[in-house]
Amino acid sequence: MTRGDSYRPHFYAEPRLDRRSHQRRDESWLSQSLASADARIVPVWRDYNLFAAEPQAATGAPPAPRFLTANEWAAIEAEGDTPIYLGVYDRRHYFAADLSRAAEPPLAALGAFTDLRQAGPLLPRFEGSLLAYARGLVHWHGRHGYCGVCGARTRPADGGHVRRCANDSCGATHFPRTDPAIIVLVTHGDQALVGRSPHWPVGTYSALAGFVEPGESLEMAVAREVHEEVGLTLPLDGIRYSSSQPWPFPASIMLGFYAEATDTALTLDHDEIEAALWLHRDDLRDAADGSFRLPRADSIARRLITDWLQDG
């Protein structure tokens, strides 16, 4: 099931940011951009983003991301790693900077470092996408300081979108990791299948999901994950792509699908899933009785469900 209206970006997907991939290899251009009055630096500390106030503070105001100016960054740059170029939007250059070497959250006078997953659904789309992008790249750099081929140190290149082995006899090039994962809303007429992990908040159900394995097509991954988790055998020609969402928590791209099941008998793998339910459209529209909760508002799972309800 694919909606026929115009493209609607998901949370954490921002098409307006120009990543300047053709310029970020130029060290001189990067230095000038970082020093400019239009530069803004997105600080990250141990996977947390900086906000001017705690999300949903007593005032009820939405969370406000706190970016650093070039002068503010210059005052603390010795405490952080080399800034990563993110892109330009509305003539403003954005960089990400890792401050994770600090034992305690830095910049306390400017705000508080908070998990983006708490604040994401409340943010303007551009800001949420920028923070997620910064978080994802910083996470990758923090875990790839050494070459996976020879074990030597690596160093950032191309504005932080590459790490190269410093061992001249190796010279391996490493690129940011993105793990493809499928997520599928399985339907049967006016019913949709939702499941839950035992690690989720009580009552929360979502679409089925799992990582793509080597040698699989996306459709094959959908069919395998559904069969493993709930025992349904899906015909491959009944699986339809919907849309995708970057999900850098820490490093995934979620590939959304719809699939029509030929039967409703479930056999759960309790190592994979705690419970699964077939719910009628009317049940999904009325989640107020407390028997279940829809997935997060910023997730592709929520989009899959709400679009299916609107199309019914």
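Biologist: Which residue of β8 stands opposite R163?

Modeller: In this model, which is a predicted one, R163 stands opposite H174 in β8.

Biologist: What makes β7 and β8 count as paired strands?

Modeller: Strands pair when there are at least two bridges between them, and two bridges join β7 to strand β8 (residues 173–174), so the condition is met. The two strands run antiparallel.

Biologist: How do you know that β7 also pairs with β6?

Modeller: The same kind of count is used, for four bridges join strand β6 (residues 154–157) to strand β7 (residues 162–165), and at least two are needed. These strands run antiparallel, and T154 has C165 in β7 as its bridge partner. β6 and β7 form a hairpin with four residues between them, and in that turn D158 has a positive phi of about 50 degrees.

Biologist: Why is G160, in the loop between β6 and β7, called buried?

Modeller: G160 has a relative accessibility of 5%, and because buried means under 20%, G160 counts as buried. Leaving aside neighbours within four places in sequence, G160 is in contact with I84, L137, W140 and H141. G160 and P83 are 77 residues apart in sequence, yet their C-alpha atoms are 7.4 Å apart in space.

Biologist: How many aromatic pairs does the structure hold?

Modeller: The structure holds 12 aromatic pairs, and one of them is formed by W45 and F113, whose ring centres lie 6.3 Å apart with 55 degrees between the planes.

Biologist: Why is the pair of W45 and F113 called tilted?

Modeller: The centres at 6.3 Å fall within the 6.5 Å that a pair needs, and the angle of 55 degrees is neither under 30, which would be stacked, nor over 60, which would be edge-to-face, so the pair is tilted. This pair links distant parts of the chain, with W45 in strand β1 (residues 39–45) and F113 in strand β5 (residues 112–114), 68 residues apart.

Biologist: Are W45 and F113 buried or exposed?

Modeller: W45 has a relative accessible area of 10% and F113 has a relative accessibility of 13%; because the limit for buried is under 20%, W45 is buried, and F113 counts as buried too.

Biologist: What makes the pair of F67 and Y94 edge-to-face?

Modeller: Their ring centres are 5.9 Å apart, which is within 6.5 Å, and their planes stand at 75 degrees, which is over 60, so the pair is edge-to-face. F67, in the loop between β2 (48–51) and α2 (70–76), is linked in this way to Y94 in strand β4 (residues 92–98), 27 residues apart. Both F67 and Y94 are buried.

Biologist: How do you know that R281 lies over the face of W308?

Modeller: R281 is at 3.9 Å from the ring centre of W308 and lies over its face; the distance part of the rule asks for a charge within 6 Å, and 3.9 Å satisfies that limit.

Biologist: Why is R303, in helix α7 (residues 300–311), said to have no salt bridge?

Modeller: A salt bridge needs the charged atoms within 4 Å, whereas D307, the nearest side chain of opposite charge, is 4.5 Å away, so R303 has none even though R303 is buried. Not counting residues up to four places away in sequence, R303 touches R8, P9, H10 and Y258.

Biologist: Why is strand β13 described as largely enclosed by the rest of the structure?

Modeller: Seven of the nine residues of strand β13 (residues 252–260) are buried, so this strand is largely enclosed. Nine bridges join strand β9 (residues 179–188) to β13 in a parallel arrangement, while eight bridges join strand β12 (residues 239–247) to β13 in an antiparallel one. G256 in β13 is the bridge partner of I183, and S243 stands opposite G256 as well.

Biologist: Why does D47 count as buried, while R20 is called partly exposed?

Modeller: D47 has a relative accessible area of 18%, which is under 20%, so D47 is buried. R20 has 22%, which lies between 20% and 50%, so R20 is partly exposed. Neither residue is a glycine, yet phi is positive in each, at about 75 degrees for D47 and about 50 degrees for R20.

Technical notes
Residues numbered from 1 in each chain as written. Predicted model: local features only at pLDDT ≥ 70, side-chain atom pairs only at ≥ 80, totals over all residues. Heavy atoms only, no water. Phe/Tyr/Trp six-rings, centres within 6.5 Å; stacked < 30°, edge-to-face > 60°. Buried < 20%, exposed > 50% of the residue type's maximum accessible area, 1.4 Å probe, protein only. Lys NZ or Arg CZ within 6 Å of the ring centre and 35° of its normal. Lys, Arg positive; Asp, Glu negative; His and termini not counted. Contact = heavy atoms within 4.5 Å.
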